[in-house]
Amino acid sequence: MEKWVKNIIPGVVRSFLTPFFTVMVVFVISLIVIGPIANWVSTLVGQFFLVVQGFSPLLFGALLAVAWQLLVIFGLHWGIVPIMFILLAEQGYESIGPAMVSSTFGVLGVVIALLIKSKAKKVRDIALPGAISLVFGVSEPTIYGLMLPMKRSFLYALIGNAVGGAYIGAMSVVGYRTGGLGVFSIFNTINPSGSLDMNFWNVIIGFALCTVVGFVLQMIFPVPSIDGNGNEGQTENNKSNEQGLASKEELQESAKEDIIASPMQGQLVPMSEVNDEVFSSEALGKGVAIKPEIGEVRAPANGIISTLFPTGHAVGMTTDEGTEILIHIGLDTVELEGKYYEISAEQGQQVKAGDLLIKFDKDGVESENYDTITPIVITNSADFQTIDVTEETQVTPGDYLLTAVK
């Protein structure tokens, strides 16, 4: 839906109107189609686990501990949670919670092993806070950040969950109340009388089994690469072998970067400091602003003039690499209705980097109490992974300004 909407929205307003209309349409589809289907499937999931529990508590514990993290990814775990509350209300205890919570501890064991073995900074940056979250029962950051990209590590975690969950199911561990997740869920298994019976100790043993098995498996086997290309060691060797080779793939990669030059002379100002909420919040896209010293705007790259306001206060262009740039000369200067602005280009015109686009009387604009600060915005920022900005504080036309990386 986003791709279709993006094609019919003008480039200047695409960055904030595309998500708006996409959400409006998908919201309705979600309520009418996706919601009812997901509700029906999650109900079936809940009934399935009830049947398995009646057949074999050991199998029930293993399956639930393995499936829980997978169900969470698709939101289907909500078919099981209501059953847990109903059992607790009717019986005073339930057997779903302990096996369910054990699913985070297999992941925890793998993450601890990754912190020890992995040499990749990205992996360690995610694993450390992820491990802390897992202790408290929150697994989503680690699942999406590490386990799904590193599929074999996820498999080790699920095997650990299966072992610990099977033990919890076989020992008929139950929860007597609801409360915290992770380590705090252990207190849910304390007998209402307050005594620490085997129910309490068995859940600790089950959680420990999940953690230890996941940890040992990841310590034994190689650490997968987080980008999915083999193991970490193999990936590093491949990078070393490919250094200095101008391969076809490297040339294609370099073509994904679009370097934008400064269109004017002046002092750089972070977009967050522009005294206009639309620009400072980056609602139109990411970029940077320039406090001009000379009243000239030149083409920052080769491309075509896609938007040219008759008042001359703003110009938009699309580079040959597909980057859409908006140059807005001053704040609220549309109110001048073209006074102090002289246009030197035409809409639809093909221009080269450095071509004069607009001249303006800087002193004249400022004499009318208008700020001449000029935001340079990549209006299709959503199409790029990152927008890098120069670290220089002073620029002239042609100096490096931005890099848009796909």
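The legends below walk through close-up views of one open sheet in a predicted model.

**View 1. Eight strands make up an open sheet.** Let's start with the whole arrangement: the strand order is E9-E5-E6-E7-E11-E3-E2-E13, and the pairing is antiparallel. At the edges stand E9 (350-351) and E13 (394-395). Each of these two has a single partner strand, so one side of each lacks a neighbour in the sheet.

**View 2. Strand E9 meets strand E5 at one edge of the sheet.** Here E5 (residues 303-308) and E9 are joined by two bridges in the antiparallel sense. To find your place, look for Gly-303, which lies opposite Val-351 of E9.

**View 3. Strand E11 sits between E7 and E3 in the sheet order.** With E3 (residues 286-292), E11 pairs in the antiparallel sense over five bridges. A handy landmark here is Ile-290, whose bridge partner in E11 is Thr-374. E7 (residues 324-328) also runs antiparallel to E11, and three bridges join the two. In this pairing, Leu-326 has Val-377 of E11 as its bridge partner.

**View 4. Both faces of strand E11 are covered.** Side chains in a regular strand alternate between the two faces of the sheet. In E11, Thr-374, Ile-376 and Ile-378 lie on one side, with Pro-375 and Val-377 on the other, and all of them are buried. Because five of the five residues of E11 (residues 374-378) are buried, the strand is largely enclosed by the rest of the structure. Two familiar residues return in this view: Thr-374, the bridge partner of Ile-290, and Val-377, the bridge partner of Leu-326.

Note on methods: Residues numbered from 1 in each chain as written. Predicted model: local features only at pLDDT ≥ 70, side-chain atom pairs only at ≥ 80, totals over all residues. Heavy atoms only, no water. Buried < 20%, exposed > 50% of the residue type's maximum accessible area, 1.4 Å probe, protein only. Helix = DSSP H or I, 4+ residues; strand = E, 2+ residues; numbered from the N terminus. Pairing = 2+ DSSP bridges.
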